[in-house]
Structures are given as structure tokens and as C-alpha cells.
Amino acid sequence: YTLNYEPTYPDWLKKFLHDLRSPANFNKPLSELASNTPYTHSALTRVFKQYMNVSIVKYLTQIKMTAAKRLLRTTNLSMLEISLDSVE
């Protein structure tokens, strides 16, 4: 999955994708993240999949995995520490 986004995406989607990449939002409920969009949680899941061709959950999982790989390469944190950080 690409972590970039198309310039043709609507502004709300660009902001939403940006917000998803923030580690502070990794463990927030999707309903909370959806509140910053013009859609309800259920509508957002449908619209997101239409634009991105992947579910929000899979997209977010890929972002978390990319962040974890980066931490493994650039820090001395153990895999356990990184995995615990990603679920808190």
C-alpha cells in the first residue's frame, strides 16, 4: 500500500490520510478519526475503500508496520517494546 496520496483526492481525504500517519492517532477508534471527516464511520469505510482500494484497517495496519520497521532500523528498541508501543 502506498502511504502517499493523489493530489486529486478531496481535501478531507488528504487530511484524513495525514492524520492516519500520525503515531498519536494509531490507537484511536476509527469512529473518533471519522469525526474529523464529513462522513459517519460506516460511510467513511465505504468511501475510503472506493478511493484507496483497501480498507481503513488494512491501510492503518500497513502504516503501523512501516513505522515499526523504521523503529527497528533506527532505534535500539526491542521488537517487544515496539509492539507494546503500537497497541497502547
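On one side of α3, Arg46 and Gln50 are exposed in this predicted model. Turn to the other side of α3 and the picture flips: Ala43, Leu44, Val47, Phe48 and Met52 are buried. Seen down the helix axis, these buried residues fall within an arc of 140°, so they line one face of α3. That fits the usual helix geometry, as an α-helix has 3.6 residues a turn and residues three or four places apart therefore point the same way. The cover over the buried residues of α3 comes from several elements, including α1 (11-20), α2 (30-34) and α4 (56-74).

The length of α3 checks out too. The helix runs over residues 41-52, and at 1.5 Å a residue its 12 residues should span 16 Å; the end C-alpha atoms are indeed 16 Å apart, so the two figures agree.

Just past α3 sits asparagine 53, with a positive phi near 60°. Most residues other than glycine have a negative phi. Asparagine 53 goes the other way, with its phi of about 60°, although it is not a glycine. As for its setting, asparagine 53 belongs to the loop between α3 and α4. Its relative accessibility is 66%, so asparagine 53 counts as exposed, the cut-off being over 50%.

On the far side of that loop comes α4, and here the arithmetic works as well: 19 residues at 1.5 Å each should span 27 Å, and the end C-alpha atoms of α4 are 27 Å apart, which agrees. The buried residues of α4 are Ile56, Tyr59, Leu60, Ile63, Ala67 and Ala68.

Helix α1 also has a buried set, made up of Trp12, Leu13, Phe16, Leu17, Asp19 and Leu20. Around the axis they cover an arc of only 160°, which puts them on the same side of α1. An aspartate, Asp19, is one of these buried residues. What covers the buried residues of α1 includes α2, α3 and α4. The covering goes both ways for α1 and α3, since α1 is in turn among the elements that cover the buried residues of α3.

The loop between α2 and α3 holds proline 38. At 59% relative accessibility, proline 38 counts as exposed. Proline 38 also gives a feel for distances in the model: serine 78 lies 40 residues away from it in sequence and 39 Å away in space, going from C-alpha to C-alpha.

Stepping back to the whole chain, the protein has 5 helices and 0 strands, and along the sequence the pattern reads α-α-α-α-α. Its C-alpha atoms fill a box of roughly 40 × 25 × 15 Å along the principal axes. Of the 88 residues, 30% count as buried. Among contacts between residues at least 6 apart in sequence, 53% join residues at least 24 apart.

As for the surface, the protein exposes about 5,900 Å², and carbon and sulfur atoms supply 56% of that area. On the charge side, there are 11 positive and 7 negative side chains, with the centres of the two sets 8 Å apart.

Key. Residues numbered from 1 in each chain as written. Predicted model: local features only at pLDDT ≥ 70, side-chain atom pairs only at ≥ 80, totals over all residues. Heavy atoms only, no water. Helix = DSSP H or I, 4+ residues; strand = E, 2+ residues; numbered from the N terminus. Buried < 20%, exposed > 50% of the residue type's maximum accessible area, 1.4 Å probe, protein only. Contact = heavy atoms within 4.5 Å. Areas by Shrake-Rupley, 256 points an atom, 1.4 Å probe, with all protein chains shown as cover. Lys, Arg positive; Asp, Glu negative; His and termini not counted. Charge placed at Lys NZ, Arg CZ, Asp CG, Glu CD. Expected span 1.5 Å × (residues − 1). Arc of directions from axis to C-beta.
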